[in-house]
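Reader: Got a minute to walk me through this one? I'd like to start with the aromatics and then hop around a bit.

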Amino acid sequence: MASSENSFTVSYETEKFLCEQLLDQNQSISDRFRALFSLRNLRGTGPRDALILATRDSSNLLAHEAAFALGQMQDIEAIPALKAILNDLSLHPIVRHEAAEALGAIGLESNVALLKNSLVLDPAQEVRETCELAISRIKELKTTGNDESSKIEASPFLSVDPAAPSSCSSVGQLREVLLNEEKGMYERYAALFALRNHGGDEAILAIIDSLGANSALLRHEVAYVLGQLQNKTASAALSRIIRDLDEHPMVRHEAAEALGSIADDQSVALLEEFAKDPEPIVSQSCQVALSMLEFERTGKAFEYFFMQTPQVQQLS
């Protein structure tokens with residue numbers, strides 16, 4: 001379970017307001033995200049139950065972000081709801097994918113059986129690949145649990161990542177693994193996070209090159225990582241992705257949010273253009289990103305109360 005040092009205590013009235021704001025479909029998607037970002041830094045039954053209800057929202061973007069938040073909170077009480085989401089094939093694949101990732105983030109070995117079942121039976125490749133990742137993460141957590149010399153490295157971006165960064169220190173070797181279509185998904189993810197943590201021009205270029213991977217799941221995670229890095233070198237590649245109407249919506253959505261993090265003039269113009277995209281996952285991502293930028297420009301926090309960690313404004 002996540003450390004309490006990254007959580008906050010607020011009044012009952014504030015908590016109630018945030019829960020109601022999150023679940024009120026008459027509110028704008030941006031205002032509902034503001035509530036979500038605040039609730040994921042709280043603990044207790046109220047915030048958890050509101051986020052669980054939000055995983056069934058008509059907005060697939062909001063629903064998947066709520067599942068992501070439950071995983072980042074590493075709240076074991078959310079496991080039954082996450083399992084139900086993963087089993088519900090009526091839900092959008094992006095929501096089921098996030099539930100599988102959240103189960104991996106929580107990391108209990110008891111989650112493996114369900115993940116193995118979905119690894120075989122889920123019709124969406126991105127969900128099956130996420131289950132593969134989650135199983136590998138849980139197994140690695142078990143392996144490293146009693147070995148102080150091989151503890152999983154904490155993310156410098158304060159995120160619970162779906163794979164531990166590779167211990168390989170050579171950018172060239174990490175690039176080779178990341179771009180190798182014959183490698184397993186967990187190994188490629190491990191290389192991706194190691195490159196992210198390494199930083200530097202060579203590492204960032206390797207990450208950008210992996211946007212050409214065959215796996216939509218990997219491409220979406222690459223776009224997410226480029227948003228964490230906020231490096232303008234990635235702007236052109238991310239712009240091509242959001243313009244590609246044949247690209248998977250989950251990849252385009254992450255590209256939109258990454259462009260919002262980079263926030264140069266070209267990126268903002270693209271967000272304004274695609275805020276009217278016919279795919280709601282993309283258009284709503286652009287709307288939220290633009291709203292976040294507007295708050296930053298006015299010197300205000302996007303969430304409803306100030307946080308002490310940068311994680312609060314990192315979308316999935």
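Author: Sure. This is a predicted model, and a good place to start is Phe302, which is buried with a relative accessible area of 0%.

Reader: Which ring does Phe302 pair with, and how are the planes set?

Author: Its partner is Phe295. The ring centres are 5.6 Å apart and the planes sit at 85°, so this is an edge-to-face pair.

Reader: And Phe295, buried or exposed?

Author: Phe295 is buried, at a relative accessible area of 19%. The cut-off for buried is under 20%.

Reader: Which residues make up the aromatic cluster there?

Author: Phe295 and Phe302 form one cluster together with Phe33 and Phe37.

Reader: OK, how many aromatic pairs turn up in the whole structure?

Author: Five, from a search of the whole structure. One of them is Phe68 with Tyr224: the centres are 6.4 Å apart and the planes are at 70°, so that pair is edge-to-face.

Reader: Where do Phe68 and Tyr224 lie?

Author: Phe68 is in helix 4 (residues 60–73) and Tyr224 is in helix 12 (residues 216–229), so the pair ties together parts that are 156 residues apart in sequence. Phe68 is buried at 6% relative accessible area, and Tyr224 is buried at 7%.

Reader: Back to Phe33 and Phe37 for a sec. How covered is helix 2?

Author: Mostly covered: helix 2 (residues 29–39) has 10 of its 11 residues buried. Phe33 and Phe37 are among them, as are Arg32 and Arg34.

Reader: What do those buried residues of helix 2 pack against?

Author: They pack against helix 1 (12–23), helix 3 (45–54), helix 4 and helix 16 (280–297).

Reader: New topic, helix packing. At what angle do helix 9 and helix 10 pack?

Author: Helix 9 (residues 171–179) and helix 10 (residues 185–198) pack at about 140°, and their axes are 8 Å apart. The crossing of helix 9 past helix 10 is left-handed.

Reader: Which residues meet there?

Author: From helix 9 you have Val171, Leu174, Arg175, Val177, Leu178 and Leu179. On the helix 10 side they meet Glu187, Arg188, Ala191, Leu192, Ala194, Leu195 and His198. Sorted by class, the contact has nine nonpolar, one polar and three charged residues.

Reader: Now helix 14. How far does it reach?

Author: Helix 14 covers residues 249–262, which is 14 residues, and reaches 20 Å from its first C-alpha to its last. That is close to the 20 Å expected at 1.5 Å a residue.

Reader: Why would you call helix 14 largely enclosed?

Author: Because 12 of its 14 residues are buried. The buried ones include charged-type names you may want to look at, Arg252, Glu254 and Glu257, along with His253.

Reader: What happens just after helix 14?

Author: Ala263 takes a positive phi there, about 60°.

Reader: What does Ser239 touch?

Author: Leaving out residues up to four places away in sequence, Ser239 touches Leu259, Gln266 and Leu270. Leu259 is one of the buried residues of helix 14. Ser239 itself lies in helix 13 (residues 235–243) and counts as buried at 5% relative accessibility.

Reader: Last one: Gln125, where is it, and how far from Gly71?

Author: Gln125 lies in helix 8 (residues 125–144) and counts as partly exposed at 45% relative accessibility. Gln125 and Gly71 are 54 residues apart in sequence and 21 Å apart in space, C-alpha to C-alpha.

Key: Residues numbered from 1 in each chain as written. Predicted model: local features only at pLDDT ≥ 70, side-chain atom pairs only at ≥ 80, totals over all residues. Heavy atoms only, no water. Helix = DSSP H or I, 4+ residues; strand = E, 2+ residues; numbered from the N terminus. Expected span 1.5 Å × (residues − 1). Buried < 20%, exposed > 50% of the residue type's maximum accessible area, 1.4 Å probe, protein only. Axes fitted to C-alpha atoms, helices over the stretch in contact; angles between N-to-C directions. Left-handed = near helix turned anticlockwise from the far one by under 90°. Contact = heavy atoms within 4.5 Å. Phe/Tyr/Trp six-rings, centres within 6.5 Å; stacked < 30°, edge-to-face > 60°.
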